[in-house]
Amino acid sequence: MYQLLDPSRFVVFITGATSGFGEAAARRYVAAGGKVIATGRREDRLKKLQAELGPDNCHVIALDVQDRAAMEKAIAELPAPFDAVNIVLANAGLALGLQPAAEANLDDWQTMIDTNVSGLVYTVRLLLPGLIARGGGHVVTLGSVAGEYAYPGGSVYGATKAFVKQFALNLRSDLQGKKVRVTNIEPGLTETEFSLVRFKGDESKASAPYSKTQAMNADDIAESIFWATTLPAHVNVNKIELMATTQAIGAFDIYRED
Ligand code: NDP
Ligand code: 8X3
């Protein structure tokens, strides 16, 4: 019988646990007997999640990943047993807008960089020494197919996810011999609040990408995260690129003069 890791030993620090993948992952790990530290800005949602999962299994911290000082404080002050983090799920992130680059809102670009790049590196850098000191663990980053392939309007969002991809690869090099695994999850079309955030609450624009098709859902992604982290310690899944069966990569776009 193939021997998976025991998830009841997992202590998982999750950014972006108030919605989508992070919330689904929190449920998945607790259902398997693990403990989670669920973080995000919306405290009401964190409290609800904690009430559902139980305070012994789910510790919550209202946290903006862009706020480096708050991140440092929260991580330094984690109470036992939640201070024994052995899995980091650096998931918090967002896309804002879908305009062509020359028309995009610079504040939106800044927010994506501050969240998807700066927030993610704060998360990983602040938690990594603890993982190493405790004998190993797993860092899971949330990339995207947008970090692999180009699409119109994807400019800075896709670039932040390409950063995440390279950061995860470089982490692997630095972590040689430290028993810390690194996996970048790269999903395609998945129905969460992602699109509602991208289109700033415009529900008709937000629902369009999921209309008349079957996208993936948050549980699909949570399961892939969970799977990668339960494999035996000698196996490192470098990346998982997942798409809805209904989504495929298009042809090259060639402009022709009439
Ligand atoms: P959701 O919008 O459903 O969830 C995003 C989560 O990120 C929320 O919990 C939100 O919490 C949190 N978040 C956003 N900004 C911050 C911040 N400044 N500080 C702390 N938390 C923050 O989206 P998904 O679950 O779909 O997205 C999760 C990750 O997966 C993102 O990195 C996204 O880019 C990526 N992704 C999504 C895909 C999709 O199609 N859905 C596909 C590929 C990748 P709060 O607002 O409460 O702070
Ligand atoms: C989210 C997927 O295709 O909207 O990262 O960029 S996509």
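## Ligand 2 and the central sheet

In this predicted model, a polar side-chain atom of Tyr157 is placed 2.7 Å from an oxygen atom of ligand 2. Two further side chains make polar contacts with oxygen of this ligand, Tyr151 and Arg198. The table gives the three distances.

| Residue | Distance from a polar side-chain atom to an oxygen atom of ligand 2 |
|---|---|
| Tyr151 | 2.5 Å |
| Tyr157 | 2.7 Å |
| Arg198 | 3.4 Å |

On its own, ligand 2 has 240 Å² of accessible area, of which the protein covers 82%. The residues around ligand 2 are Ser144, Ala146, Tyr151, Tyr157, Phe194 and Arg198. By character, this shell consists of four nonpolar residues, one polar residue and one charged residue.

The report now turns to the strands. An open sheet is built from seven strands with parallel pairing, in the order β3-β2-β1-β4-β5-β6-β9. Which strands stand at the edges of the sheet? They are β3 (58–62) and β9 (239–242); each has a single partner strand, so one side of each is left without a neighbour in the sheet. On average, neighbouring strands of the sheet are turned by 15° against each other, direction ignored.

Within the sheet, strand β1 (residues 11–15) runs parallel to strand β4 (residues 87–90), and three bridges join the two. In this pairing, Ile14 stands opposite Leu89 of β4.

An unreviewed UniProt entry carries the annotation "domain: Ketoreductase" for residues 10–188. Over that stretch, the chain is 45% helix and 19% strand, and the C-alpha atoms at its ends are 27 Å apart.

Note on methods:
Residues numbered from 1 in each chain as written. Chains lettered and ligands numbered in written order. Predicted model: local features only at pLDDT ≥ 70, side-chain atom pairs only at ≥ 80, totals over all residues. Heavy atoms only, no water. UniProt positions renumbered as here; feature names shortened; annotations may be inferred. Helix = DSSP H or I, 4+ residues; strand = E, 2+ residues; numbered from the N terminus. Near = heavy atom within 4 Å. Polar contact = N/O pair within 3.5 Å; in protein donor to acceptor, adjacent residues only side chain to side chain. Areas by Shrake-Rupley, 256 points an atom, 1.4 Å probe, with all protein chains shown as cover. Nonpolar A, V, L, I, M, F, W, Y, C, P; charged D, E, K, R; others polar. Pairing = 2+ DSSP bridges. Axes fitted to C-alpha atoms, helices over the stretch in contact; angles between N-to-C directions.
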